Number of protein chains: 2
Amino acid sequence: MSVEERAPLTRERVLAAAMRVVDAEGIKALTMRRLGAELGVEAMSLYHHLPGKEALLDGLADALIAEIQAEAALRVDAAGWKERLRQTFLAARVVMLRHPWAPGMLGARTTVPARLFAYYDGIVGTMTGGGLSHRLAHRAVHAFGTMALGFTQELFRPEAAGGAADVDAAEADLTAMAAALPHLTAMVAAEAHDAADPVLGWCDGQTEFEFTLALILDGLERGAAGQR
Amino acid sequence: MSVEERAPLTRERVLAAAMRVVDAEGIKALTMRRLGAELGVEAMSLYHHLPGKEALLDGLADALIAEIQAEAALRVDAAGWKERLRQTFLAARVVMLRHPWAPGMLGARTTVPARLFAYYDGIVGTMTGGGLSHRLAHRAVHAFGTMALGFTQELFRPEAAGGAADVDAAEADLTAMAAALPHLTAMVAAEAHDAADPVLGWCDGQTEFEFTLALILDGLERGAAGQR
DNA sequence: ACCTGAACACCGTTCAAGT
DNA sequence: ACCTGAACACCGTTCAAGT
């Protein structure tokens, strides 16, 4: 189907095709047979360029880290460690928003993409270069958690396929919900009221991401002041 | 194999058996056929008590939240919102350490376990009851992220099956690594030196968990003071 | 009503055979 | 060296049949 159908297969072409499939159809669609079809080839041919499905996913994870590094290189231009980290993590978030399948895929992985070490090395270097101790830099890496990859771990993010019937049912016993979940109901009522702009309003990911980021960065800054 | 082999199948017995299988053999071992065998029954019989595999995993997630709630009920006895949250999240962590498969399983889930709403309702109630605004409580819920479920999202946690050959290979070009990853190498050297007790030493999860928890709780407390 | 056996439509992967 | 077709050992799930 694609232009380069007749070109010889390489590891790079296989990974590029995998990225295309997964961006267009999601991670579940990425089967060896489907990927073979994308390249105009039998599934078995892929094994000459990658040892198996695990290696394919490893390669995909690695390609994603590379894209995050590239995006950060384009954007990070500040001098201070705090602002540099902020820019780094916001760049990572942009990449993750381009690939909605990525958080779940990375979370399910048990092996470390080789490129991740180099990526984190740069982050640690930014902190120690800014005067943070190795101990505080170490703690910071853990505190940021998945933030360095562009997402706070929002478990159970809402699905694209919403059930209209469920919404109706939910509305029907909204009063029952208010009784069972008084604090959540009150919070939604108070917060939704303030959300004039739907993009910046209720549970907007960007707002929450930046709040958490600032919270942790400010806390580290205070810790860095205390360590002297 | 089990004592209750002849008792009639119920949804509860199926879920209890699933929890047994997954605790003993991991999430990959949980197939409909394997679960049937655990109960001395054909795989197809399970469909009379659960609609399918998705519902089985939903049930497992729900049972896990229930266990977290029960553990918290046993332990949380403080008066202030800050200490109550600290105890709540440490209780959740204990449950997660009992079920190492749980973080990955919850992270892969796309639907929300019903019980999670009630669990978060209690957490929000603790904060608003302590004087935090709905806005700050909302931001806090996002900032805590998976901490309420007992884990910071440590992507790529080390596997149980370690490759000795890989360790040897890694040692062989340790100098090469030091050149390629100078900041990480320096951090490991500095931090590992201080780690007299291996349990409390390098990358101990409990230490990192409590550091991040305190960082966020302190930041919220400051935010709560600022909101008046 | 509950459980079964055979079958269906998929997977990842092995292997002998082609070119 | 690279690709193929058939096959193997699995999955979740359907369905007609048993009791």
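Which residues in H4(A) meet which residues in H6(A)? The answer is below, along with how the two protein copies sit together and how they touch DNA strands C and D. This is a predicted model, where local features need pLDDT of at least 70, side-chain atom pairs count only at pLDDT 80 or more, and totals for chains, interfaces and linings use all residues. Residues are numbered from 1 along each chain as its sequence is written, chains are lettered from A and ligands numbered from 1 in the order in which they are written, and side-chain values use heavy atoms, with hydrogens and water left out.

**The two copies**

- Turn chain A by 180 degrees, with a shift of 0.0 Å along the axis, and it lands on chain B with an RMSD of 0.0 Å (a least-squares superposition on the C-alpha atoms of residues with pLDDT of at least 70 in both).
- The two copies are therefore related as by a two-fold rotation axis.
- The same surface serves both of them: 100% of the contact residues of chain A recur in chain B, with contact meaning heavy atoms within 4.5 Å.

**DNA strand C**

- Strand C is surrounded by 16 residues, and the closest are A:Arg33, A:Met44, A:Tyr47, B:Ser45 and B:His48 (a residue is near a strand if one of its heavy atoms lies within 4 Å of it).
- Of the strand C atoms within 4 Å of the protein, 43% belong to sugar or phosphate, and the rest belong to bases.
- Backbone N or O atoms come up to phosphate oxygens of strand C from both chains: one of A:Met32 lies 3.1 Å away, and one of B:Glu42 lies 2.8 Å away.
- The side chain of B:Ser45 also has an N or O atom 2.6 Å from a phosphate oxygen of strand C.
- Sorted by class, the surface here has seven nonpolar, five polar and four charged residues (Ala, Val, Leu, Ile, Met, Phe, Trp, Tyr, Cys and Pro count as nonpolar, Asp, Glu, Lys and Arg as charged, and the others, Gly among them, as polar).

**DNA strand D**

- Around strand D there are 16 residues, the closest being A:Ser45, A:His48, B:Arg33, B:Met44 and B:Tyr47.
- A polar side-chain atom of B:Arg33 sits 2.7 Å from a base nitrogen of strand D.
- Phosphate oxygens of strand D lie 2.6 Å from a polar side-chain atom of A:Ser45 and 2.8 Å from one of B:Tyr47.

**Helix packing inside chain A**

- The axes of H4 (residues 81-98) and H6 (residues 114-129) of chain A come within 9 Å and cross at roughly 155 degrees; axes are lines fitted to C-alpha atoms over the stretch in contact, with angles from 0 to 180 degrees between N-to-C directions.
- That makes H4(A) roughly antiparallel to H6(A) (over 145 degrees).
- As for the opening question, A:Trp81, A:Arg84, A:Leu85, A:Thr88, A:Phe89 and A:Ala92 in H4(A) meet A:Tyr119, A:Ile123, A:Thr126 and A:Met127 in H6(A).
- This contact has seven nonpolar, two polar and one charged residues.

**Helix packing between chains**

- H7 (residues 134-144) of chain A packs on H11 (residues 205-226) of chain B at about 80 degrees, with axes 9 Å apart; helices are DSSP runs (H or I, at least four residues), numbered from the N terminus.
- H7(A) is thus roughly perpendicular to H11(B) (65 to 115 degrees).
- Residues making the contact include A:Leu136 and A:His138 of H7(A), and B:Phe211 and B:Leu215 of H11(B).

Terms used. Polar contact = N/O pair within 3.5 Å; in protein donor to acceptor, adjacent residues only side chain to side chain. Helix = DSSP H or I, 4+ residues; strand = E, 2+ residues; numbered from the N terminus. Parallel < 35°, antiparallel > 145°, perpendicular 65-115°, else oblique.
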